[in-house]
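Biologist: Mind if I quiz you on how you back up the labels you put on a model? I'd like to hear the reasoning and not just the verdict.

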Amino acid sequence: MAISELSTTETLLPENTIGFVDHQGRPIDRLNSGGWRAASFIIGVEVAERFAYYGISSNLITYLTGQLGESTATAAAAVNVWSGTASLLPLLGAFLADSFLGRFRTIVVASLIYILGLSMMTLLALITLLSSSDCQNNNTAKSCSPHHFQIIVFIFSLYLVAIGQGGHKPCTQAFGADQFDAQNPQERRAKSSFFNWWYFGISFGANSTILVVIYIQDNLNWALGFGIPCAFMVAALVLFLLGTKTYRFSVKSKQRNPFARIGRVFVVAIKTRKATLASEDEAQSSQQFKFLNKALLATPDVSLEDGKLCTLEDVEEAKALLRLIPIWATCLVYAIVFAQYTTFFTKQGATMDRTITRSIKIPAASLQLFIGIGIITFIPIYDCIFVPITRYFTRNPSGITMLQRIGAGMLLSTISMVVAALVEIKRLETANEYGLIDKPNVTIPMSVWWLIPQYLLCGIADVFTIVGLQEFFYDQIPKELKSFGLSIYMSVLGVGGFLSSILVSIINEATSRDGRDSWFADNLNRAHLDYFYWLLAALSAGGLLAFLYFAKSYNREN
């Protein structure tokens, strides 16, 4: 049988199997499949995919403000919208995977779309490079301006990349976690460790592209700068297919579509909202969101015989999804801060002294390398030192709970914004001291190393919050919706990107009235990013307090 998730009625699994099948639908045992062997292939795929993705996203604001001639505020908003879209599209990719295609097929199809988008970007950059000599010879602003058609093709290819990433990311991570059997104590512990090393791989791929690709884009040409990520995405697809024989595939039951089952709970609960539930049925259900218990009642158009009656399991799964909403919502401020890594942090660094030697200057976007350094350095410390020590005191296999981990990262994120605001105040004071307020193209005599603490704090915060969110939404979601669970985590970053864009637009409009300089003026020496960072610090503190309240409530209900 071809690769698929088989029905339990089609395959009778021997007792020594673990409820999984191989790529041909044959029952397999634990020793010959899955585990770290299979997960290593998938982590390798993600390293290559993240190399490709960050090769585009990390320096996108430079391409928009340079090659396409957009203003800083417009480019920052465009980057946030694209990043937000790229983070929301996994909801669609996960829906298709969990409902129809399965994770394996979705990954393959998404990879092909991904490669198509990157190929178009590379081809467009190559055409622009070949025609650049005419622009230089004519030496006019009109001849050097990008053609409208070029901008349309670039935007189209950019969103193809977002679509490909939307199908690839949630399915790859869920497929990797599926290689560990949650019913086995050793593999369950390994699964928790998998999320740490998964993020380690992501950071390694991102750091590699920041070191190599961004330097090429800034110092050689954009055609090669886009072509290398495209080649890595091709390599990711090849590596994924090479590991096919090692993977475990889920045995899918013959139940109805999980989205249809859970959605029906809400529909039936609304239809029967005025009915009375028997006391024994009420006692079997959890007490939170009691209105959904009405879905256990039959309606005139539904009977037990037709197989469409909502079960207690359906109702509890619907409640499990609702319980995630407050946690999701209170993490949005963290995502707004996350959106600044590739926008204002980068523009801030571009104004400062980035020279290492007389001939070597750090590209502004390459400063994101220090976020990755923080992650890559801290994850082994967290997994090998922090977890064993805290496990001794808490008796929790993961050291601390997933919600505690998320909250710790939110606290560090708040501190990072305070540090960023203080550094920006210092930068503005230096610009004023040297008379550079109205000279935005002159480098401020302040070392870019001042920015390192805020980058490192952001990286360590990600180890806590981002990895915690990944594990939390994978673990707390119903079994058949694991890809969707991870897409929910990614939607936090997506919605946060949109909120950041809206916030920037509102502040830019409000602070630029009556001829005043905006907080985000193109001349950053007259802007006030420090005010923006103080605002984000205050919002982050408020978000953390709200998170702690709902986390306590979540633990009480579970």
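Modeller: Sure, and keep in mind that this is a predicted model. Let's begin with A269, which sits in helix α9, residues 258–271.

Biologist: Why is A269 called buried?

Modeller: Its relative accessibility is 5%, and buried means under 20%, so A269 counts as buried.

Biologist: What does A269 touch, leaving out residues up to four places away in sequence?

Modeller: A269 touches F291, L292, K294 and A295. Contact here means heavy atoms within 4.5 Å. There's also a C-alpha distance to look at: A269 and L296 are 27 residues apart along the chain, and their C-alpha atoms are separated by 8.0 Å.

Biologist: On to helix α3. How do you know that the span of α3 agrees with its number of residues?

Modeller: Helix α3 covers residues 72–101, which is 30 residues. At 1.5 Å a residue it should span 44 Å, and the end C-alpha atoms are 41 Å apart, so the two agree. Just after α3, G102 takes a positive phi of about 85°.

Biologist: A75 is in that helix too. What makes A75 buried?

Modeller: A75 has 1% relative accessibility. With the cut-off at under 20%, A75 therefore counts as buried. Its contacts, not counting residues up to four places away in sequence, are I61, L64, T65 and E70. As for T62, it is 13 residues from A75 in sequence and 8.5 Å from it in space, C-alpha to C-alpha.

Biologist: Which residue has a positive phi although it is not a glycine?

Modeller: That's R395, at about 65°. R395 lies in the loop between α14 (369–394) and α15 (402–433).

Biologist: Why is R395 called exposed?

Modeller: The relative accessible area of R395 is 65%, and exposed means over 50%, so R395 gets that label.

Biologist: What about Q340, in the loop between α12 (332–338) and α13 (344–350): buried or exposed?

Modeller: Buried, because its relative accessible area is 0%, and the label needs under 20%. A polar atom of the Q340 side chain lies 2.7 Å from the backbone oxygen of I336. Q340 also touches F345, S500, F532 and L536, not counting residues up to four places away in sequence.

Biologist: How do you know that the pair formed by Q340 and I336 is a polar contact?

Modeller: The distance is 2.7 Å, and a polar contact asks for N or O atoms within 3.5 Å, with one able to donate a hydrogen and the other to accept it. T244 gives another case: its side chain reaches the backbone oxygen of L241 at 2.7 Å. T244 is in the loop between α8 (222–242) and β3 (249–252), and at 11% relative accessibility T244 counts as buried.

Biologist: Let's try a glycine. What makes G496 buried?

Modeller: G496, in helix α17 (residues 482–511), has a relative accessible area of 0%. That is why G496 is called buried. It touches L332, A335 and I336, not counting residues up to four places away in sequence. G496 and A329 are 167 residues apart in sequence and 9.7 Å apart in space, C-alpha to C-alpha.

Biologist: Which residues have the most contacts inside the largest nonpolar core?

Modeller: F154, F472, F532 and Y533, in a core of 148 residues. Helix α16 (residues 452–476) gives the largest share of this core, 13 residues. Leaving out residues up to four places away in sequence, Y533 touches F344, F345, Q348, M417, A420, A421 and E424.

Biologist: How many disulfides does the structure hold?

Modeller: Zero. A disulfide needs a pair of cysteine sulfur atoms within 2.5 Å. As for cysteine burial, C331 counts as buried because its relative accessibility is 1%, and C458 does so at 0%.

Biologist: And the whole protein?

Modeller: There are 18 helices and five strands, and buried residues make up 55% of the 558 residues. Of the contacts between residues at least 6 apart in sequence, 79% join residues at least 24 apart. The accessible surface comes to about 24400 Å², with 63% of that belonging to carbon and sulfur atoms.

Terms used:
Residues numbered from 1 in each chain as written. Predicted model: local features only at pLDDT ≥ 70, side-chain atom pairs only at ≥ 80, totals over all residues. Heavy atoms only, no water. Helix = DSSP H or I, 4+ residues; strand = E, 2+ residues; numbered from the N terminus. Expected span 1.5 Å × (residues − 1). Buried < 20%, exposed > 50% of the residue type's maximum accessible area, 1.4 Å probe, protein only. Core = buried A, V, L, I, M, F, W, Y, C linked by side-chain atoms within 4.5 Å. Areas by Shrake-Rupley, 256 points an atom, 1.4 Å probe, with all protein chains shown as cover.
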